[in-house]
Every structure is written in structure tokens, then in C-alpha cells.
Amino acid sequence: QVHLVESGGGLVQAGGSLRLSCATSGTIFSINAMGWYRQAPGKEREFVASINRIGGRTAYTDSVRGRFTISRDGAKNTVYLQMNSLKPEDTAVYFCAGDPSSTIVGPKYWGQGTQVTVSS
């Protein structure tokens with residue numbers, strides 16, 4: 001059993017920054033890849049960023065590359081998403097995701113989500 005708990009969402013003005021955290025617990029040794037998805041109102045959930053536990057390889061969707069940074073703290077079993085230069089179109093519910101494989105395409109584990117709202 002794996003539990004993912006997000007925190008750090010909120011309301012911010014365009015151009016501002018937020019840092020999301022995803023704390024993991026349970027059988028965390030079973031997780032290799034972790035990352036973030038987001039879902040805006042009326043839209044499908046989309047991939048944002050991922051990081052591998054082994055090697056630390058990262059991946060980003062084009063719309064956030066250069067603005068968002070994903071990282072992990074192995075000692076704290078926590079993954080972070082630093083979001084800078086936020087835009088109104090970044091407004092969404094952000095979900096933490098994890099999977100035993102090397103990718104989070106169709107992840108096995110999900111968090112409950114945290115709301116990020118960027119005002120113009």
C-alpha cells in the first residue's frame with residue numbers, strides 16, 4: 001500500500017511562484033518513478049513532470065519546461081514541484097503520481113490533488 005499526500009497549493013498572482021510537495025508513505029520501495037499531473041476545469045488530466053528514483057532523470061511537458069522544476073528528497077520520501085513564472089493557464093488541480101515502472105504513464109498510485117489558482 002502506497003499513500004501520496006500533496007500540499008502547497010494556493011492562490012498566486014501571475015508571475016509568482018509556488019512549491020508543491022508530495023509526501024509518500026507505505027511500501028515506497030515499490031515506487032520508481034514519481035511526478036505530477038494536472039487537470040484544469042473542463043479539460044483532461046495531463047502530464048506535467050516526472051523524476052526517476054534511480055538516476056534522477058527528469059521529464060517535463062513543453063508548456064512548463066524552463067519554469068517548473070521537479071526534485072526529490074530521498075531522506076524525506078518527498079517529491080517537490082517548484083513552479084515559477086506562473087501563468088493563469090497553469091490553474092488546475094495538481095495530482096502527485098507514482099509507479100513501480102520507470103515512467104508515470106498511467107501511474108498506479110495517485111494523491112488526492114491540490115488546487116493551484118493563478119490570477120491575472
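Which residue in strand 9 does Arg38 stand opposite?

1. Arg38 stands opposite Tyr94, a residue of strand 9. This is a predicted model, and the pairings below should be read as such.

2. Strand 9 covers residues 92–99 and runs antiparallel to strand 4, with 7 bridges joining the two. Strand 4 is also joined to strand 5 (residues 46–52), here by 6 bridges and again in the antiparallel sense. Within that second pairing, Tyr37 has Phe47 of strand 5 as its bridge partner.

3. Strand 4 spans residues 33–39, and 6 of its 7 residues are buried, so the strand is largely enclosed by the rest of the structure. Buried here means under 20% relative accessible area.

4. Strand 4 and strand 5 form a hairpin with 6 residues between the strands. In this hairpin Gly42 adopts a positive phi, near 75°.

5. A further group of strands makes up an open sheet: there are 4 of them, in the order 1-3-8-7, and their pairing is antiparallel. The edges are strand 1 (2–7) and strand 7 (68–73), each of which pairs on one side only. From one strand to the next, the twist averages 15°.

6. At the strand 7 edge, the neighbour is strand 8 (residues 78–83), and the two pair antiparallel over 6 bridges. One residue pair can be checked directly: Asp73 has Thr78 in strand 8 as its bridge partner.

7. For reading these pairings, strands of a sheet pair through backbone hydrogen bonds, in either a parallel or an antiparallel sense.

Note on methods
Residues are numbered from 1 along each chain as its sequence is written. This is a predicted model: local features need pLDDT of at least 70, side-chain atom pairs count only at pLDDT 80 or more; totals for chains, interfaces and linings use all residues. Side-chain values use heavy atoms; hydrogens and water are left out. Two strands pair if DSSP finds at least two bridges between them. Axes are lines fitted to C-alpha atoms, for helices over the stretch in contact, and angles run from 0 to 180 degrees between N-to-C directions. Buried means under 20% relative accessible area, exposed over 50%, partly exposed in between (1.4 Å probe, protein chains only).
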